[in-house]
Amino acid sequence: MNFRQLTSKSLLIIFIVILIISVILQLAILTPGHNWGGDFAAYIMQAMSVVNGTADAFVQDNRFSMEQSSEAVGPVTYPWLFPLMLAPVYALTGLNIFALKLIGVLCYQIFLLILWFGFRHRLETAERLMLVALFAFNPFMLRFANQVLSDIPFLLFSTSALLLIDRTVSKTREVTLRSGVLIGGFIATAMLTRSNGVLLLPVFIAAFMFRRAYIPLVFGVLTTTSLVSLIVSLLPDAQSSYVDHLSKISFRSIVDNLHYYALLMRDFFAPTSSYRWMGSIVYCLTLPFVTIGLVYHWRDNWIFLMYVVMTLGLYVLWPYMQGLRFLFPVIPFYLYFGILGLRCAMKRMSSARQFLHGAIVLLVFLFFTASTLHGVQNHAVEGLVEDGPFSEDASQLFAYIRQHSSPDEVLVFRKPRVMHLMTERHVLMHKNLEDFGMFDLIIIDRKNEGDQLDMQTDLSMPARLGVVLVFENAQFDVYRRSSS
């Protein structure tokens, strides 16, 4: 199929159809459950604290869990914009996990619109259609909206800010004060969604200084700092705990991260986790085109490149690996440079144009097929939740905890934030025997062995801790500290 043979009107119609199919697929993939995670629970609790006016109490409770556990499983608070986005949904529907996920779906569909309109001055219509389709049907990205996390909203805000900066400074006419303020607002939304949004500021400063647009730059930075300061002044900020993790940076962690992130893009191209080998092949095939795009077009796209390099540098230094979601802000520009490289290749090898177009259509079709299968499988089991905090076993556990423990008791569980969300109890995560100090109950998850004591293998553990079994079901055991 030759995209060049299609009219602009035909391509626009295809774009609209792609959006409609994409949102249908994304909704079909959503389930009424959630993985155990932990971050999602913190975001929801922050949203609940906004609705209930208990933000300070949330910080106090979560600080206890983070500081008294064997290790901190996250910061005391995340940036507040995503919880503020969740707050109206929670106020209307309560702890309806399906409804809360719709924020991610909405943000993702707006992101597709941003790609279409934002790259209008950089890519031809057919090329933009290609870029949008690779995201609209991508099985990994569509499945990711099945989690209540800030990564997709941040993808929307960071991409919008970068494209707006690029569009503003590439104009031949004078950069206006209004554009500086608008960009400052978008940067603020990114920073208030994820902390690494601060990387947009040096890009903004460099781009506007290059254009010598000093007055719009000053007002843009003032807008960013004012909006961030306003939210910080209204809601408690305890993100300084991020700094504590920097002590874990080492030469080994940097080397490991370089290797990890160099291979991670394969997950974007894999139809399912079982077909990572296919994702690896497609990823390797895209690398030459991305390289060509960078070599021939980096001067005209240094704004994008600067942000990509800083983002990758940050995550290479960060001592934790969090999967492809960390690379979300980079992926649009990876594909963009790949499309530019593809354009160069087709100009020099016109005989291969039909083959390259066919390969792209095939990849999009594979994405569409895989996403459709995910939706069909979800429908076949009628949204059955086999594991996670919304499963039947977990519901029995939480009901027992709420009925047979008091609010001042301390629980030990491998996912303290999830347990606190579901039971409103004080919860710690201990995985070493020597860490156990204050506690009243220990909950063991037999399906998931990480971050907890091995009570099944070491049968002497209950006696050593002085606990007795008081509840069990197919997945969980609850031990209570003996009063003697």
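Arg173 has a relative accessibility of 56%, and it counts as exposed because the cut-off for that class is over 50%. The model described here is predicted. In this model, Arg173 sits in the loop that runs between helix H8 (151–170) and helix H9 (177–191). Together with Arg120, Arg167 and Lys171, Arg173 forms a positive patch on the surface.

A second surface patch is nonpolar. Its members are Leu177, Val181, Ile215, Val218, Phe219 and Leu222, and their accessible area together is about 500 Å². Two helices, H9 and helix H11 (214–234), each contribute at least two residues to the nonpolar patch. H11 gives the largest share, with 4 residues. One residue of helix H11 is Leu222. With a relative accessibility of 46%, Leu222 counts as partly exposed.

The next topic is charge pairing. Side chains of opposite charge can pair when their charged atoms come close. How many salt bridges does the structure hold? The number is 14.

One of these salt bridges joins the side chains of Arg325 and Asp39, with a distance of 3.3 Å from N to O. This pair connects distant parts of the chain, as the two residues are 286 residues apart. Arg325 is in the loop between helix H16 (302–317) and helix H17 (331–348), whereas Asp39 belongs to helix H2 (residues 39–52). Are Arg325 and Asp39 buried or exposed? Both residues are buried.

Another salt bridge is found within a single helix. Arg252 pairs with Asp256, and their closest N and O atoms are 3.1 Å apart. Both residues lie in helix H13 (residues 251–263), where they are 4 residues apart, or about one turn of the helix. Arg252 counts as exposed, with 59% relative accessibility. Asp256 has a relative accessible area of 31% and is partly exposed, because this value falls between the cut-offs of 20% and 50%.

A further salt bridge is formed by the side chains of Asp267 and Arg276, at 3.0 Å from N to O. Asp267 counts as buried, at 10% relative accessibility. Its partner Arg276 is partly exposed, with a relative accessible area of 39%. Salt bridges can also share partners, and in this way Asp39, Asp151, Arg194, Arg325 and Arg417 are joined into one network. Asp39 and Arg325, the buried pair described above, are thus among the members of this network.

Residues far apart along the chain can also be compared by their C-alpha atoms. Which residue has its C-alpha atom 4.9 Å from that of Gly388? That residue is Trp36, and the two are 352 residues apart along the chain. Gly388 is located in the loop between helix H18 (353–380) and helix H19 (392–404). Its relative accessible area is 1%, so Gly388 is buried.

The last topic is cysteine. How many disulfides does the structure hold? There are 0 disulfides. Two of the cysteines can be described by their accessibility. Cys107 has a relative accessible area of 4%, so Cys107 is buried. Cys344 is buried as well, with a relative accessible area of 8%. Both cysteines fall into this class because their values are under 20%.

How values were computed: Residues numbered from 1 in each chain as written. Predicted model: local features only at pLDDT ≥ 70, side-chain atom pairs only at ≥ 80, totals over all residues. Heavy atoms only, no water. Disulfide = S-S within 2.5 Å. Buried < 20%, exposed > 50% of the residue type's maximum accessible area, 1.4 Å probe, protein only. Patch = residues over 30% accessible without salt bridge, like charges linked within 9 Å, V, L, I, M, F, W, Y side chains within 5 Å. Areas by Shrake-Rupley, 256 points an atom, 1.4 Å probe, with all protein chains shown as cover. Salt bridge = Lys/Arg side-chain N within 4 Å of Asp/Glu carboxyl O. Lys, Arg positive; Asp, Glu negative; His and termini not counted. Charge placed at Lys NZ, Arg CZ, Asp CG, Glu CD.
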